Amino acid sequence: MKFAIVVFPGSNCDHDTYHVAKEVLGQDAELVWHKDRSLGRADVVILPGGFAHGDYLRTGAIARFSPIMQEVSTFAAAGGPVLGICNGFQVLLEAGLLPGAMLRNRSLKFRCEFLHARVEQTDTPFTLACRPGEILRIPIAHGDGNYYAEPDVIARLERNRQVIFRYVSADGEVTDDANPNGSVNNIAGICNEMRNVVGLMPHPERACELAVGSADGLSVFRSILKWGRESFNEDTFTTMTASSTVFNK
Amino acid sequence: MTPDPITDSVLQRHGVTRDEYARIVTMLGREPNLTELGIFSVMWSEHCSYKSSRVHLKTLPTTGRRVLQGPGENAGAVDIGDGLAAVFKIESHNHPSFIEPYQGAATGVGGIIRDIFTMGARPIALLNSLRFGPLDDPLVRRTMSGVVAGIGGYGNSIGIPTVGGEIGFDRSYSGNPLVNVFCLGISRADGIIKGTASGVGNAVYYVGAKTGRDGIHGATMASAEFDDTLNEKRPAVQVGDPFMEKLLLEACLEVMKTDALVGIQDMGAAGLTCSTCEMGSRGGAGVEIDVARVPQRETGMTPYEIMLSESQERMLLVVKKGREAEVEQIFDKWDLHAVQIGEVTSDGRLRVKDHGQVVADIPNKSLTDEAPMYRRPIAKPSYIDAAQQLNLDALGAPPAPRDVFRRLLASPGIASKRWVYRQYDHMVRTNTLLLPGMGAAAVRVKGTSRALAMSVDCNGRFVYLDPFVGAQLAVAEASRNVACAGGLPIGATNCLNFGNPEKPEIMWQFARAVEGMGAACRALDIPITGGNVSLYNETDGSGVLPTPVIGVVGLVENAERIVGRTFRSEGDIVILLGETRNELGGSEFVHVVHDQIRGVPPRLDLVREASLQRLLVDCAATGLIRSAHDCAEGGIAVTLAECCFDTKLGVSVDLAAVPDTPSPYGDTAALFAESASRVVVSVAPAQVTALLAMSASAGVPARQLGRVGGSRIQIAVKGRPVIDEGAADMERIWATAIESWFEQRRAIA
């Protein structure tokens with residue numbers, strides 16, 4: 001599969017996402033500059049984490065005007081899978097590809113730590129290989145991750161099963177203590193109505209090797225590969241190679 | 001050039017003495033104008049010239065088999081194999097962080113990152129060493145909140161993880177916090193780029209943020225004590241822009257991949273002045289620039305202001321003649337404007353023009369190598385002899401061990417720093433092998449099987465009581481922490497934080513600490529490849545504890561064999577490497593329970609320390625040990641507790657009695673003494689014999705203490721139980737102590 005990873009000025013998880021696609025999964029991957037006007041022959045597009053344009057205005061508010069975002073919208077409208085991680089999620093919200101907005105964390109502080117996110121729905125390209133209700137031990141790192149939308153929008157998201165990830169306790173309970181930022185209904189990630197565009201605040205790309213603390217994030221990336229195999233001819237994909245850097249501690 | 005009248009008050013404002021002025025006149029062969037005086041004043045400031053410290057720093061060991069770059073460049077570099085180099089340095093931003101905590105700390109992070117990528121290295125890790133006053137002071141909490149937010153604000157945005165560090169608390173830092181920031185990057189061993197200007201006619205480029213009036217005389221401010229005019233100094237602190245620096249970082253690394261670059265230097269302290277004359281001086285060349293071409297943020301700036309501005313996120317580049325377009329194109333891609341402001345000349349002078357008219361003309365060497373160097377008078381401070389007296393009997397009967405244990409776990413110096421590091425992105429770049437608080441910082445080196453372990457340390461109390469031994473203990477602790485993780489110490493960088501060097505007592509502390517640091521680094525075979533000196537850490541005449549922070553970098557051959565602080569499995573055997581002696585001098589116990597800094601610091605046998613560290617590295621490499629944790633503040637009782645925290649495991653041990661202890665203090669010494677060269681390790685039961693044999697042949701005392709398991713922390717001394725507490729309860733005390741000072745959810749009684 002070919003991954004296109006968009007690089008905005010100020011993206012800082014671009015290399016990490018590339019590392020997972022290329023080195024851990026053994027797939028084809030390309031960094032695409034935000035001023036480019038083509039995604040090449042990408043099968044999947046990822047908007048990585050970071051601080052696009054410094055995020056001095058609202059997070060993602062400037063990035064949505066980058067030339068490449070036109071291509072991303074076209075790609076998404078055609079059903080292509082698009083994943084926004086952290087800042088990438090914020091960009092998708094600003095671009096109108098996903099509903100809602102991000103507020104400052106309720107603690108008013110940046111927060112970085114491992115926590116637990118539960119997979120709510122498995123019928124998206126990014127959760128296809130997950131077990132329903134699977135609990136991922138996965139890190140967050142953000143200052144503006146407090147997901148908000150009007151009550152009717154939230155109701156629609158819940159009704160349409162568009163909430164894809166939720167913050168939970170280690171044993172899978174949706175509690176206020178498990179909510180790191182104040183997001184409505186502990187929402188950690190959502191999808192669009194077509195279910196091909198997914199945004200989430202936690203960082204699956206930071207949890208793909210046990211060496212760095214968890215390999216639970218691989219479920220998200222394996223889902224993409226599974227989606228690819230099911231959508232296209234299986235032979236066109238390189239076999240997923242186990243990373244030499246995955247090991248038990 | 002029309003000479004300006006240089007009066008005594010003009011000199012005083014510039015921090016230039018009459019003698020120094022006479023020297024300037026001799027060097028120039030004439031009176032300087034005001035712009036030239038400004039240039040001399042910042043380059044000859046303590047901050048830039050190291051005029052009080054250089055004679056001492058010269059005695060430090062700076063060479064070694066692995067050293068690729070020693071002191072004198074923007075950062076040091078050591079060979080880590082696989083054709084790669086680790087480039088690292090630590091620097092202080094103490095004074096700005098007190099005046100404006102958020103921006104002071106943020107720009108400190110920005111400055112050290114520039115020093116690293118300037119060398120051609122991609123920064124992959126940040127650490128910091130911080131000191132604050134007691135947390136019951138709301139102003140201290142405000143300072144600490146701001147500093148932590150500023151460090152996070154910059155590092156998180158630019159995407160370099162803050163993977164570790166240390167924080168200490170003492171009253172002496174209330175009016176003068178310390179903010180020391182360490183950065184490490186990776187470059188190709190043969191790709192290190194220097195801050196040098198050479199090749200007559202090569203273009204001198206300015207890239208990055210525009211120049212404003214911010215930070216004028218920042219270097220001079222950092223070379224003076226604080227007094228009640230503090231608020232007037234606020235404009236001398238700059239505002240950081242991590243986004244601009246991220247663009248600079250990526251663009252510069254891209255330019256460095258071409259061979260169009262001759263040299264590059266960031267504009268840090270003393271801005272355009274420092275970068276031009278230092279690059280010229282290193283390359284044995286002259287540099288001529290026209291300030292009218294410098295991009296400016298404000299109108300009507302004078303050459304004086306432009307030369308002395310410390311606006312952040314600016315770089316100076318020397319580009320090969322004929323390659324300009326190539327370089328400009330790369331900066332264009334990143335929406336950065338690279339402007340040619342001058343060229344390299346052959347005459348060894350810094351020549352500054354304004355619209356073609358010469359406004360300053362100074363030999364580069366007079367600003368750098370030939371800057372004044374002082375051998376300041378030294379005198380042993382009168383407090384030392386009295387402070388070294390610790391009469392335990394006079395302190396009365398010690399409190400019950402369980403009470404001391406709880407108080408120590410809640411002491412901010414020992415308590416969990418989670419409230420702090422949770423505000424730092426410590427995982428970006430996906431190399432972090434040990435999370436903050438889990439031992440030394442450790443990052444893997446992608447593309448190799450290796451990892452780097454890092455630790456920054458200094459116990460200011462020990463240095464205060466005996467600067468020579470205290471500085472040795474700092475080196476030993478930092479390198480021991482690195483060795484615990486399995487890293488062979490291969491290089492170090494230091495940040496020497498002291499008071500006013502014009503006081504002979506302060507200079508004595510400084511001189512003795514540098515001697516101690518040098519002796520320890522020689523014995524442990526750790527070259528110091530660079531660092532920073534911060535003097536005048538005084539407010540209203542009262543100095544900080546002398547705090548020579550050392551950052552040690554260790555090489556772990558097999559990243560899969562990294563060892564952390566925490567116990568791993570029920571039933572593992574707990575072993576103490578090293579011996580506990582009756583050493584409560586300068587301890588956290590005496591500080592917390594008796595509110596004193598008193599006694600003689602623990603003895604340090606450097607030969608034993610070296611054996612211990614070699615043993616630890618060998619044990620980690622062979623996978624023999626499952627955890628290793630240094631005994632430091634709070635003694636072995638606190639170490640054992642910390643080995644349990646974050647694991648849900650307990651421990652049950654029996655400690656040996658400590659010889660030569662006055663009777664009521666036997667248990668106290670056994671539990672809380674801070675003897676050096678001690679590490680608590682855990683091993684699988686089947687490995688005990690092997691470990692004891694390895695220790696014996698290394699000449700390291702080893703004693704089986706007990707086993708991991710249960711849910712309690714049970715410590716006996718010579719068979720008699722003295723501490724028996726629930727591990728979860730103790731963890732709660734330790735984990736929430738700092739947080740509770742900041743989160744205002746505490747019930748109001």
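**Figure 1. Overall build of chain B in the predicted model, with its 27 helices and 28 strands.** The radius of gyration of chain B is 26 Å, close to the 27 Å that the globule rule gives for 749 residues, so chain B is as compact as a globular protein of that length. Measured out along its principal axes, the C-alpha trace of chain B spans about 85 × 55 × 50 Å. Of the 749 residues in chain B, 62% are buried, and among the contacts with a separation of 6 or more, 84% join residues that lie 24 or more positions apart.

**Figure 2. The open sheet of 6 strands in chain B.** The strands of this sheet follow the order β14-β15-β16-β21-β17-β18 (chain B), and their pairing is mixed. Its edge strands are β14 (432-434) and β18 (528-534) of chain B, each of which pairs on one side only, and from one strand to the next the twist averages 20°. Within the sheet, β16 (residues 451-457) and β21 (residues 547-556) of chain B pair in the antiparallel sense over 7 bridges, and B:M454 has B:V553 in β21(B) as its bridge partner.

**Figure 3. Two successive hairpins in chain B, formed by β14(B) with β15(B) and by β15(B) with β16(B).** In the hairpin of β14(B) and β15(B), 6 residues lie between the strands, and B:G437 in the turn has a positive phi of about 85°. These two strands pair in the antiparallel sense over 2 bridges, with B:A442 in β15(B) as the bridge partner of B:L434. The hairpin of β15(B) and β16(B) also has 6 residues between its strands, and here B:G447 in the turn has a positive phi of about 90°. The strands β15(B) and β16(B) run antiparallel and are joined by 4 bridges, and the bridge partner of B:A442 in β16(B) is B:A453.

**Figure 4. Strand β15 (residues 441-444) of chain B, covered on both faces.** In a regular strand the side chains alternate between the two faces of the sheet. In β15(B), B:A441 and B:V443 lie on one side and B:A442 and B:R444 on the other, and all of them are buried.

**Figure 5. Helices α19 and α20 of chain B against the strands of the sheet.** Helix α19 (residues 467-484) of chain B lies across β16, β17 (488-497) and β21 of chain B, and runs at about 25° to β21(B). Helix α20 (residues 504-524) of chain B lies across β17, β18 and β21 of chain B, where the angle that it makes with β17(B) is about 175°.

**Figure 6. The contact between chain B and chain A.** Here 26 residues of chain B are in contact with 23 residues of chain A. On the side of chain B that touches chain A, the elements that give two or more residues are α8 (138-158), α10 (242-257) and β14 of chain B. The residues on this side of chain B divide into 11 nonpolar, 8 polar and 7 charged.

**Figure 7. Helix α2 (residues 67-77) of chain A, with its buried residues A:I68, A:M69, A:E71, A:V72, A:F75 and A:A76.** These buried residues lie on the same side of α2(A), because they cover an arc of only 155° around the axis. An α-helix has 3.6 residues a turn, so residues three or four places apart point the same way. On the other side of α2(A), A:P67, A:Q70, A:T74 and A:A77 are exposed. The cover over the buried residues of α2(A) includes β1 (2-7), β2 (28-33), β3 (44-47), β4 (82-85) and β11 (197-200) of chain A. After α2(A) comes A:G79, with a positive phi near 95°.

**Figure 8. Two residues other than glycine with a positive phi, A:N186 and B:D335.** Most residues other than glycine have a negative phi, and most peptide bonds are trans. In A:N186 phi is near 60°, and this residue lies in the loop between β9 (163-168) and β10 (187-191) of chain A. With 22 other C-beta atoms within 10 Å, A:N186 is buried. In B:D335 phi is positive at about 60°, and the residue is found in the loop between α13 (324-333) and β11 (338-345) of chain B. B:D335 is exposed, with 11 other C-beta atoms within 10 Å.

Key: Residues numbered from 1 in each chain as written. Chains lettered and ligands numbered in written order. Predicted model: local features only at pLDDT ≥ 70, side-chain atom pairs only at ≥ 80, totals over all residues. Buried ≥ 20, exposed ≤ 12 C-beta atoms within 10 Å, placed from the backbone. Arc of directions from axis to C-beta. Contact = placed C-beta atoms within 7 Å. Rg over C-alpha atoms; globule rule 2.2 N^0.38 Å. Pairing = 2+ DSSP bridges. Axes fitted to C-alpha atoms, helices over the stretch in contact; angles between N-to-C directions. Nonpolar A, V, L, I, M, F, W, Y, C, P; charged D, E, K, R; others polar.
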